[in-house]
Amino acid sequence: MSGDKDLDQLKKEAVAKAKAAAAAKRKAKEQAESGAKEEVSPAGDDLAKQKADAVAKAKAEAAAKRQAKEEAESGAQEEPPTADDLAKQKAEAVAKAKAAAAAKRKAKEQAESGTSDEAPAAEATGNDADDLAKKKAAAVAKAKAAAAAKRKAMGQSEPEEEASAGDDDLAKKKAEAVAKAKAAAAAKRKAMGQAEPEEEAPAGDDHLAKKKAAAVAKAKAAAAAKRKAMGQAEPEEEASAGDDDLAKKKAAAVAKAKAAAAAKKKASEGGAASGDDEKAKAIAAAKAKAKAAAAAKAKAAGKGAAAADTPEEPKQPSPNQKYLDKYVEIIQKHLGEDVLEDSYINNLSKDVPTLVAKQDSYYKIAEFLKFNESLSFDYLSEIHGTDFETHMEVYAHLYSYKNRQSVALKVKIDRDKPEIESLARLWAGAEWPECEAYDLLGIRFTGHPDLRRIMLGEDWIGHPLRKDYEPYDVEV
C-alpha cells in the first residue's frame, strides 16, 4: 500500500511538471513568433541523453525484477526493497518522458519559424519520443509484474485483493497516459506535415490494443483468483436457492398438468352424465333456496312474535294537535257539536289537521273557516275527488296567511249519486278543479257557475277515474 501511495504522489508531481512544461511551451512559442531563432540540435542531444538514461534505468529495473523473482522462488520471506524503488524509477521515467516531449514540441515550434535545416532533427526527435513512450509502457508493465511477484512471495491474501484493485486503477491510468501521448504525437505530426509517421500510427494503435487486451485479461484472472481464494460461499448459497425455486416451479407445472388431465377426462365422459350432473346441481340449488327462504320466514316470525310480546311505546302527540283542538272547539262552539263527523292528524300528509264534515254541513263549515276572525282560512290551495268504491270523498286544502296555519276539509258522498255543494262561491280557485273532478269522476257540484267537462268531450261516455269505468270504444 505504501508503494501505491508513493506512486500517487509521484503521479501528482509528474502532472505538476507537465503543467510547467506546457507553460514553458507557450512561452517558447511567443518567443518564436517574435523572431527568436535558437539552435535545436542541443535540444536533440539532450533528448538523446535522456533516452539513453531511460534505457539504462529500464535495464536496471529488469535486473531488479529478475532478482526479486529468484528470491521469491527460493522461499525468501523478507520484503524485496526493489518494489518501491522501481515505482519511483518508473515515475522519474514518466517525468523525463514528459520533459522530452515538451522539448520536442518546443523544437517543432522553432522549426516552423523558418529554420528548414533543423526539420530532420525534429523528425528524429519525434521518432525518439515514440520509442521512449514504448519503453515507458514496457517499464510500467514490468513494474506491475514485479509488484505482483513480490505480493505472491509474501503470501498475503488481503493485500492481493487491494493490489488487484490498485492494478486496475494503474491500468486505467496507464491507458489514459498512452492515449494522451498518442494524441500529442498525432498533433505534432499533423503540425509538421509528416506523412510517414501517420502511416506508422496504425501499427502503434495495434500495439496499444494488444496491451489493453492483456490488461483486461490480467484483471479477469485476478478476480477469478480472488473468488477462488474466498471459497465462493455465497454463489453456492445462491445456487441452492435457485434449485429450490426450480423445484417449486416444477411442482406447480405438475399440478397444472394433473388438473388439465382431470378436466379433459371429465369432458370426455358421456353427455348423459353431464346432464345428470347439471340436474343434480339444479336440485341442490333449489333445496338451498328453499332452506334459506324457510330460515328467513322463521326469523321474521320470531321477530313478529317478539314485537307482539313487546308493548308498543306510546306515540308522541303531533305538534299540530293543539291547532286541531282549537279548530274543533271553535266550530262546535259556533256551529254545534253535530256538524263534524270526525277529526284527526293526518300523519301521512305532514301532520296536517283534518276535519271530516257531514254532507249537509260541508258548505257551512267551509264558509265558517274562511270568515271567522280567529281562523281566517282565506286561501284554497287544492280540491279533488277520490273513488273508494264504497263511497267517494271530496278533499279541500285551506291555508291562513294571517295565522300561517293549514287545515284539510273532507266530506263523504254517495257513490251512486255523487253530489255536493260547490265552493267556487267562497274561493274562485275551486272553479277549475271542481270541473276536473266532474269530468273524471262524475261528481256534481251544485251552485257551480259553469260545471262542464274540460278534458273529455261532452259526448264522452263514462268517467275514467272511477274504479268501475269501462271504455265505450275499446280501441281507445
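The expected span of a helix is taken as 1.5 Å times one less than its number of residues. In the predicted model considered here, this rule was applied to α9, for which the 15 residues should span 21 Å at 1.5 Å a residue, and the end C-alpha atoms lie 21 Å apart, in agreement with that expectation. The buried residues of this helix are L324, Y327, V328, I330 and I331; because they cover an arc of only 165 degrees around the axis, they are placed on the same side of α9. On the other side of α9, K322, E329 and K333 are exposed, whereas the buried residues of the helix pack against β1, β2, α10 and β5. The helix is followed by G336, whose phi is positive, near 110 degrees.

At the level of the whole protein, the secondary structure comprises 11 helices and 7 strands, and buried residues account for 27% of the 476 residues. Of the contacts between residues at least 6 apart in sequence, 60% join residues at least 24 apart. The exposed surface of the protein comes to about 30,900 Å², of which carbon and sulfur atoms supply 54%.

The largest nonpolar core contains 37 residues, among which L355, Y362, L369, V394 and L423 touch the most other members. Two or more residues are given to this core by each of α9 (321–335), β1 (340–346), β2 (352–357), α10 (362–371), β3 (379–387), β4 (392–400), β5 (405–413) and α11 (431–441), and the largest share, 6 residues, comes from α10. For L423, when its neighbours within four places in sequence are left aside, the residues in contact are Y362, Y363, A366, L380, I383, A396, A430 and E434.

A polar residue was also examined within α11, the helix in which D439 is placed. With a relative accessibility of 0%, D439 counts as buried, since the term applies to residues under 20%. The side chain of D439 is joined to that of R453 by a polar contact of 2.7 Å, and the D439 side chain also reaches the backbone nitrogen of I454 at 3.3 Å. Leaving aside neighbours within four places in sequence, the residues in contact with D439 are R453, I454, M455, L456, H463 and P464, so that R453 and I454 appear both in this list and as partners of the D439 side chain, the former through its own side chain and the latter through its backbone nitrogen.

Terms used. Residues numbered from 1 in each chain as written. Predicted model: local features only at pLDDT ≥ 70, side-chain atom pairs only at ≥ 80, totals over all residues. Heavy atoms only, no water. Core = buried A, V, L, I, M, F, W, Y, C linked by side-chain atoms within 4.5 Å. Buried < 20%, exposed > 50% of the residue type's maximum accessible area, 1.4 Å probe, protein only. Helix = DSSP H or I, 4+ residues; strand = E, 2+ residues; numbered from the N terminus. Contact = heavy atoms within 4.5 Å. Arc of directions from axis to C-beta. Polar contact = N/O pair within 3.5 Å; in protein donor to acceptor, adjacent residues only side chain to side chain. Areas by Shrake-Rupley, 256 points an atom, 1.4 Å probe, with all protein chains shown as cover.
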